[in-house]
Protein chains: 2
Amino acid sequence: MTDSSIQLDARERTLLRTLIESYISDGQPVGSRNLARASGLKVSAATVRNVMADLEERGLIQSPHTSAGRVPTTAGYRLFVDSLLEVRKPSREQIDAIESRFDPGASTQDLLDSASSVLSQVTRMAGMVRLPRHRNVALSQIEFLRLGEGRVLAILVIDGREVQNRVLELDRDFSQDDLQRMANYLNAHLAGKSLHTVRAELLREMREVRDDLDAQMLAAIDLGEQAVGAEDPDDVVVAGQTQLLGYEELSDRERLRQLLEAFNEKREILGILDQCIRGDRVQIFIGRESGLDWFENCSVVTAPYSVDGEVVGVLGVIGPTRMSYDRVVPIVDVTARLLGSALNVRGESPDSQ
Amino acid sequence: MTDSSIQLDARERTLLRTLIESYISDGQPVGSRNLARASGLKVSAATVRNVMADLEERGLIQSPHTSAGRVPTTAGYRLFVDSLLEVRKPSREQIDAIESRFDPGASTQDLLDSASSVLSQVTRMAGMVRLPRHRNVALSQIEFLRLGEGRVLAILVIDGREVQNRVLELDRDFSQDDLQRMANYLNAHLAGKSLHTVRAELLREMREVRDDLDAQMLAAIDLGEQAVGAEDPDDVVVAGQTQLLGYEELSDRERLRQLLEAFNEKREILGILDQCIRGDRVQIFIGRESGLDWFENCSVVTAPYSVDGEVVGVLGVIGPTRMSYDRVVPIVDVTARLLGSALNVRGESPDSQ
DNA sequence: TGTGGCACTCATCCGGAAGGAGCGCTGACA
DNA sequence: TGTCAGCGCTCCTTCCGGATGAGTGCCACA
């Protein structure tokens with residue numbers, strides 16, 4: 001694969017790049033005459049034809065039928081985005097426009113919604129944001145409420161503003177007074193610490209000090225662990241799926257159905273995003289590379305976002321493979337940065353206690 | 001409008017019904033020869049042509065162009081569903097299949113999801129369920145949690161299993177102890193009563209006994225009213241929107257986009273369903289009758305569902321106007337009944353206190 | 001190695017002809 | 001007055017053939 005990129009000389013690279021740029025902007029197979037003109041090279045169409053024949057042999061371009069022009073293959077796009085793409089820096093106005101959509105006072109949920117919808121609106125494709133992992137945010141408060149025999153509602157307040165409920169099913173029953181005491185104990189010991197510290201501490205105590213504690217405290221630790229231990233909800237925020245209806249190349253009804261269904265189910269979207277969470281910059285998936293049939297003619301552009309220096313999530317867009325990568329890549333990149341810093345600012349000024 | 005239905009004689013009714021049935025099953029304009037044969041009447045095509053000319057004059061059918069067959073107009077469909085439709089009773093197996101999807105032990109949310117997806121799967125169209133109003137379910141418990149200066153989290157447990165959170169922004173600040181006392185007071189007075197009783201009682205106390213109470217109790221009542229008074233979350237569960245991509249007659253890209261967007265936004269879907277909540281049986285909206293442009297070629301079939309004899313919500317499907325009403329109507333009807341009784345069973349056996 | 005030229009291949013775009021479905025109208029008949 | 005067969009007409013759809021044009025592959029030549 002990458003061999004072929006090494007073997008390309010300057011002229012071949014120029015022509016491949018020009019061809020793909022032209023195809024991206026017009027959607028038409030591009031012929032030798034037009035390519036020769038567009039490339040700016042001082043060569044004739046016939047020479048371009050020879051080069052194109054070489055590129056076709058290497059699997060970078062292909063012709064839809066005997067005598068149409070050429071279109072890029074998946075491998076061609078791959079090479080293009082990896083080593084030929086020159087991204088346009090987003091303008092100051094664009095950045096400001098995106099930034100203005102992130103209200104520093106908003107809740108996490110609202111910020112994620114904004115990110116997703118701004119991605120979708122600016123790129124005119126579908127936007128998506130992976131929920132941030134909450135490991136490193138502070139636990140403000142924990143409370144328990146008896147719902148019934150052996151059923152307890154655990155309420156976690158994190159960052160002084162976000163509330164998570166979890167219903168716990170227990171082997172034994174506790175009175176509301178017991179629960180209140182346990183909550184007091186946990187709050188006294190743990191409030192203000194980050195969730196993963198809390199969890200680590202609870203687990204350690206369960207192992208180490210099992211014998212030294214009375215039954216009540218032991219139960220409290222156990223309960224706390226159950227409440228905090230549950231993973232963050234596995235979810236993703238999406239927006240603007242319907243933008244995808246506007247693209248000619250996604251006209252296959254059945255494929256389109258599967259694509260939109262994927263946005264409803266969210267599971268596969270989640271899978272794609274999770275593949276992208278490693279790596280610290282923009283990543284691009286082209287067509288079937290992600291291993292999904294219905295993904296033909298689609299590409300994904302993603303970027304991770306960080307809070308406090310740690311990557312906590314990924315966001316990105318899905319659109320037709322024939323998209324303006326030079327425009328989309330920097331938008332995704334800058335949105336990830338701005339979402340990160342919006343979340344960051346918020347983390348620094350929790351407005352409680 | 002309904003005048004024309006009165007003026008139709010038996011033969012005209014038979015022919016209109018046969019025409020619409022034929023068009024629904026084939027999607028092709030139907031001509032006089034075929035209609036004469038399909039109707040089972042002992043009349044010639046020429047006679048049928050005369051009748052068709054009459055029906056066209058009354059606006060019940062029309063021809064797409066000079067010499068194609070006829071297709072029903074909106075008014076024709078209207079008359080058809082109002083007075084010509086003979087629904088097929090759903091088979092025992094169908095009923096059982098739907099019923100088996102409602103797990104009596106499931107949460108309300110799960111039941112609504114099941115209803116929505118079963119509607120979508122059985123009808124191969126988009127299913128939707130309006131969230132039930134909770135006015136008549138019992139309040140099990142109310143708790144308050146101080147989040148920060150003047151910000152209080154109210155936790156309502158209803159029916160002993162469902163939990164609702166509401167964040168209240170208050171003018172003055174309360175300590176957690178104050179809040180605890182207020183919750184105790186409210187629980188002692190109100191637990192076990194239905195939400196609307198609770199609300200009515202709180203409002204009454206606020207008006208009538210304002211002077212007799214100490215400040216603490218007054219604050220408690222005020223807080224309780226704020227917590228309970230907020231309307232049920234305005235929402236709707238949808239499923240299977242993508243089924244709509246399969247219909248030829250919904251091929252206009254822009255319309256289709258608006259339709260799917262409506263499912264994402266949910267606001268307009270909500271509006272449509274709310275129009276249908278009055279009336280105690282199946283209702284049908286045809287095409288633009290609902291006043292929405294993008295609704296051309298679409299119809300809605302809805303039915304209200306009841307818990308404990310009171311209508312609490314409405315469910316239904318959206319699909320192409322050319323749908324098999326005789327099959328869809330009873331499915332929607334029976335699903336509404338079954339959802340109602342599933343919710344009912346649950347309400348009778350709250351497993352707490 | 002690059003270039004111009006030439007023959008060839010396809011897809012696309014009419015225009016017209018043929019076929020067919022279906023309608024309205026008319027006049028005959030009970 | 002209602003029913004019906006027949007006729008002429010309209011209009012959609014399909015098919016066919018030719019023209020057009022974009023683009024390729026190959027070859028000969030500088």
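## Two chains and their contact

About 2600 Å² is buried between chain B and chain A, with 51% of this coming from carbon and sulfur atoms; buried area is the accessible area (1.4 Å probe) that two parts lose on being put together, summed over both. The model is predicted: local features need pLDDT of at least 70, side-chain atom pairs count only at pLDDT 80 or more, and totals for chains, interfaces and linings use all residues. Residues are numbered from 1 along each chain as its sequence is written, chains are lettered from A and ligands numbered from 1 in the order in which they are written, and side-chain values use heavy atoms, leaving out hydrogens and water.

Reader: Which residues of chain B lose the most area to chain A?

Author: Contact means heavy atoms within 4.5 Å, and 32 residues of chain B are in contact with 32 residues of chain A. Three residues of chain B lose the most area, together 24% of what that side buries: T242(B), L245(B) and R253(B).

Reader: How are the two copies related?

Author: The copies are superposed by least squares on the C-alpha atoms of residues with pLDDT of at least 70 in both. Chain B falls on chain A with an RMSD of 0.3 Å after a rotation of 179° and a shift of 0.0 Å along the axis. The two copies are thus related as by a two-fold rotation axis.

Reader: Which residue of chain B comes closest to the rotation axis?

Author: The distance is taken at the C-alpha atom. At 4.3 Å, the residue of chain B closest to the axis is N165(B).

Reader: Which strands stand at the edges of the open sheet in chain A?

Author: Strands (E, at least two residues) and helices (H or I, at least four) are DSSP runs, numbered from the N terminus, and two strands pair if DSSP finds at least two bridges between them. The sheet has 5 strands in the order β7-β3-β10-β9-β8, with antiparallel pairing. Two of these strands each have a single partner, so one side of each is left without a neighbour in the sheet: β7 (236–239) and β8 (283–286) of chain A.

Reader: What is the bridge partner of R130(A) in β7(A)?

Author: Strand β3 (residues 126–130) of chain A pairs with β7(A) in the antiparallel sense over 4 bridges. In β7(A), the partner of R130(A) is V236(A).
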